[in-house]
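Dear colleague,

Here is the structure I promised to pass on, with the sequence alongside. Below it you will find my notes on its surface and on its interior.

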Amino acid sequence: METKKLNIFERYLTLWVALCIVGGIVLGKLAPDVANRLDRMAIYVGEAPVVSIPIAIALFFMMYPIMVKIDFASVVKAGKSGKPVWLTLFVNWAIKPFTMYAIALLFLGVLFRGLIGAEATDLVKMPFGLDLDVGAVHGAGTVVLQDGVKMLQIPLWRSYFAGCILLGIAPCTAMVLVWGYLARGNDGLTLVMVAINSLTMLVLYGLLGGFLLGVGKLPVPWQALVLSIAIYVALPLVAGYFSRKWIIAAKGETWFREKFLHVLSPVSIAALLVTLVLLFSFKGEIILTQPLTILWIAIPLFLQTMLIFWIGYALAKWLKLPYADAAPAAMIGASNHFEVAIATATMLFGLSSGAALATVVGVLIEVPVMLWLVKICLRTQHWFGEARA
């Protein structure tokens, strides 16, 4: 297996992540106008900000250095190996949504219900296409009039529960390329799995969401999904493919690998850190004002992440996959597509809803937990009959 040496960004990534989270929260606190202006720079679908333009730019530079390294001949070869692809589809769509439902219900609806507030309520948007009279009961909620607008008043824990479900049915696409790369996984196979899971999301995200939420039919957020996949995955993929061809044709493969990639290597991690500063400058106030609520939501999300990772990793071992395939296959389900989850929660329930807050908590724990899983993968390569790089 090829040895990939960690640069200073990768070696101390946990430290940089912590500093960027703190920096983002401080920026949002000290310069809220700057954070708000950046947050409003978005592509909207209806009244919902679906794609943040600053984050989209940062994510492009995070993804492009990974995409441009991929030899697309290896992608075709990797696609012929069906086991890891079927493994990720099974874990992501047959296991993950239902374990998320069960874990979130246990913790938020039973164990932490009293801590959240058994009688606490949340005001969320009326489900799309539904027009009920004030006082009418719909699912677990009651229609109320708030500032002249009909809203659905539901138990607060159920709002957090809904946000957890939206995270649980959104397997990671873009970010898993970063985790797979850091874990020295098969980049070509990871790209294949990203493409297949992106297409699967278009069909199953709305269907599973509507089934699991159980508070009225969840409309499939086609525009949000298509825009997110196009901007976060397809754009850097196309740019990486063509620029790789042009550079190799003009300068040769040796120059491309030894010069161009050497200069480009820190860009992906630097862009990840910028993304974190932006995300936490937008949502830092929520984290500061509701620290215990963040903890109650984070616990089931953390347990779900660990459970799904170990299920995927154990099944990969059982299927006798090589380490380079096993690591990204396990992490694609453990990680969440938080951009889509946040956009969907905002569209369905409103920006100030508990559901939207729960998806933001997903961002809060995503990076440190996934970095921990990367380290676990690197330390357990010998489980798959391969020496550590």
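To begin with the outside, M41, I43, I53, I57 and F61 together make a nonpolar surface patch of about 410 Å². Please keep in mind while reading that this is a predicted model. Helix 4, which covers residues 53–68, supplies the largest share of that nonpolar patch, namely three residues, and F61 is found in helix 4. Is F61 buried, partly exposed or exposed? Its relative accessibility is 40%, and because the partly exposed class runs between 20% and 50%, F61 counts as partly exposed.

Turning to the inside, a search of the whole structure finds five cavities of 30 Å³ or more, and the largest cavity holds about 90 Å³ of space. The lining of the largest cavity is made up of 15 residues, and those that lie nearest its centre are L301, T305, A334, N336 and I365. Two or more lining residues come from each of helix 6 (82–111), helix 8 (156–168), helix 13 (291–318) and helix 16 (354–379). Which helix gives the most to this lining? That is helix 16, with five residues.

As for the chemical character of the lining of the largest cavity, seven of its residues are nonpolar, six are polar and two are charged.

With best wishes

Notes:
Residues numbered from 1 in each chain as written. Predicted model: local features only at pLDDT ≥ 70, side-chain atom pairs only at ≥ 80, totals over all residues. Heavy atoms only, no water. 1 Å grid on protein atoms, 1.4 Å probe; cavity = no way out; pocket = protein on both sides within 12 Å on 5 of 7 lines; lining within 4 Å. Points joined across faces, edges and corners; volume = space filled by probe spheres on them. Helix = DSSP H or I, 4+ residues; strand = E, 2+ residues; numbered from the N terminus. Nonpolar A, V, L, I, M, F, W, Y, C, P; charged D, E, K, R; others polar. Patch = residues over 30% accessible without salt bridge, like charges linked within 9 Å, V, L, I, M, F, W, Y side chains within 5 Å. Areas by Shrake-Rupley, 256 points an atom, 1.4 Å probe, with all protein chains shown as cover. Salt bridge = Lys/Arg side-chain N within 4 Å of Asp/Glu carboxyl O. Buried < 20%, exposed > 50% of the residue type's maximum accessible area, 1.4 Å probe, protein only.
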